[in-house]
Structure formats: C-alpha cells, structure tokens
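I opened my notebook to look through one structure. Here is the entry I started from.

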Amino acid sequence: MGGPEIERLIEFLARLPGLGPRSARRAALHLMKRREALLEPLAAALETAARTIKTCSTCGNLDSADPCAICTDPRRDASVVCIVEDVADLWAIERSGAFRGRYHVLGGVLSALDGTGPEDLRIASLIDRVRSGDMREAIIATNATVEGQTTAHYIADRLASTGITVTRLAHGVPVGGELDYLDDGTLSAALRARRSV
Ligand SMILES: [Zn+2]
C-alpha cells in the first residue's frame with residue numbers, strides 16, 4: 001500500500017473510538033483525497049487543540065482556558081454542582097440546556113475490576129470544592145450502570161459530612177443507560193425529577 005506516512009496515519013486513526021483498521025483506511029483515503037477541504041484544516045485544528053486544550057483545574061472540564069468557560073461564567077449558578085463521570089456527560093447535559101450550574105468531572109467511575117479507586121478519580125478535589133465554597137446542592141449524575149451507582153453511593157457518603165443537599169438524577173435514565181446516549185428531553189426530565197439521596 002502507501003508509504004510509511006500513510007501507514008502511520010491509518011495506525012493513529014485506527015486507535016480512535018469507533019474506528020477499526022478497515023474504517024481507519026477509509027477515513028485516511030477520504031482525508032487524502034480532500035487535501036485542501038479536509039486534511040489540511042483538520043491537521044491545523046489538531047495542532048491548535050494539542051497546543052491549547054487543557055483540563056480545568058477546578059472542575060475537570062476540557063477547555064482552552066483554565067479555569068474553563070463554565071467555571072468563570074458569572075451567569076451560571078455557583079451554588080449547584082453537577083457531578084458527572086466524563087466530559088462527554090457534561091456535554092450531553094449542556095446540550096439539553098436544562099442545567100445552569102457548575103460541574104465536577106470525576107474522570108471515571110469506581111471499579112474493582114479495573115482497579116479504579118477513589119484516589120484515581122477527582123473526588124478529593126470535589127470534597128475540597130464543596131467545603132470551601134458556598135454550594136447548597138450537589139447533583140450526582142453518574143450513569144445508571146452498576147459502577148455508576150456504586151460511585152454515586154460512595155460520593156453521597158463522602159458528601160454527607162459537608163452538610164450539602166445531595167440529589168441524584170431520577171426518572172428517565174434507563175438502567176444500564178449512559179447519559180451521552182439519552183435524548184435531550186429525557187435528560188431534562190431526569191434533571192428536573194432529581195431526588196435526595
Ligand atoms: Zn471548569
């Protein structure tokens with residue numbers, strides 16, 4: 001096939017979620033055929049992203065600014081924090097437009113199987129944030145999976161001593177469901193119908 005540069009491109013594309021070797025080859029070919037319209041602007045966008053995007057040291061969101069745009073937006077309610085597993089979940093909730101508070105991205109879930117303990121997640125910084133701020137409510141929005149539920153219980157226990165009201169997403173989130181896959185209406189309903197834990 002092509003030279004080592006093309007092989008390298010395909011190899012990297014194949015590491016992306018949802019792309020295997022076959023779709024990576026198709027994507028590489030597609031890019032190379034659309035050099036000016038796609039390949040060059042994509043390369044520039046990747047270069048800029050690699051140079052500017054960082055993890056928000058307050059909430060764990062990804063942004064070109066630290067603290068991120070959500071943490072610094074004065075129109076958002078700083079007294080409510082929504083705790084999510086991943087940035088993808090933050091994006092899903094933002095797409096729903098149902099939440100105007102702040103976030104805390106855990107960076108995963110507790111999992112005995114994968115060896116992920118509390119120290120591997122952004123839990124200590126969450127407790128610090130709640131303790132040092134004027135927060136009145138923490139909404140735990142982990143996924144409705146076994147690990148998500150376990151993580152939610154653990155966080156609720158840890159937050160109990162801080163005196164903050166702890167709520168959890170309620171109706172609409174199917175068991176085993178992941179927030180990123182829910183439609184905006186379902187997610188809005190789940191946020192509105194949150195309950196105390
Ligand atoms: Zn932030």
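My notes on the metal site, the strands and the pocket follow.

**Entry on the model.** I am working with a predicted model.

**Entry on the metal.** I looked up which protein atoms hold the zinc ion. I found the SG atoms of Cys56, Cys59, Cys68 and Cys71, lying 2.3 Å from the ion. I then checked the geometry. The angles among the four donor atoms are 104 to 116°, and the site is tetrahedral. Along the chain, I read the donor spacing as C-x2-C-x8-C-x2-C.

I also asked whether two of these cysteines are buried or exposed. Cys59 has a relative accessible area of 1%, so I noted it as buried. Cys68 is at 0%, so I noted it as buried too. The cut-off for buried is under 20%.

**Entry on the strands.** Next I turned to strand β3, residues 77–84, and its partner β4. The two run parallel and are joined by five bridges. I picked out one pairing: Val81 has Arg102 of β4 as its bridge partner. Helix α5, residues 87–96, joins β3 and β4 in a right-handed β-α-β unit. I then looked at β4 alone, residues 101–105. Five of its five residues are buried, so the rest of the structure largely encloses this strand.

**Entry on the pocket.** Last, I looked up the largest pocket. Its volume is about 240 Å³. Its lining includes Leu9, Phe12, Ala27, His30 and Leu46. Which helices supply at least two residues each? I found α1 (4–13), α2 (21–33) and α3 (35–52). Of the lining, α3 gives the most, with four residues.

Technical notes:
Residues numbered from 1 in each chain as written. Predicted model: local features only at pLDDT ≥ 70, side-chain atom pairs only at ≥ 80, totals over all residues. Heavy atoms only, no water. Donors = N, O, S within 2.8 Å, 3.2 Å for Na, K, Ca; no water. Tetrahedral: all angles 85-135°; square planar, octahedral: opposite > 155°, others 65-115°. Buried < 20%, exposed > 50% of the residue type's maximum accessible area, 1.4 Å probe, protein only. Pairing = 2+ DSSP bridges. Right-handed = clockwise from strand over helix to strand, strands pointing away. 1 Å grid on protein atoms, 1.4 Å probe; cavity = no way out; pocket = protein on both sides within 12 Å on 5 of 7 lines; lining within 4 Å. Points joined across faces, edges and corners; volume = space filled by probe spheres on them.
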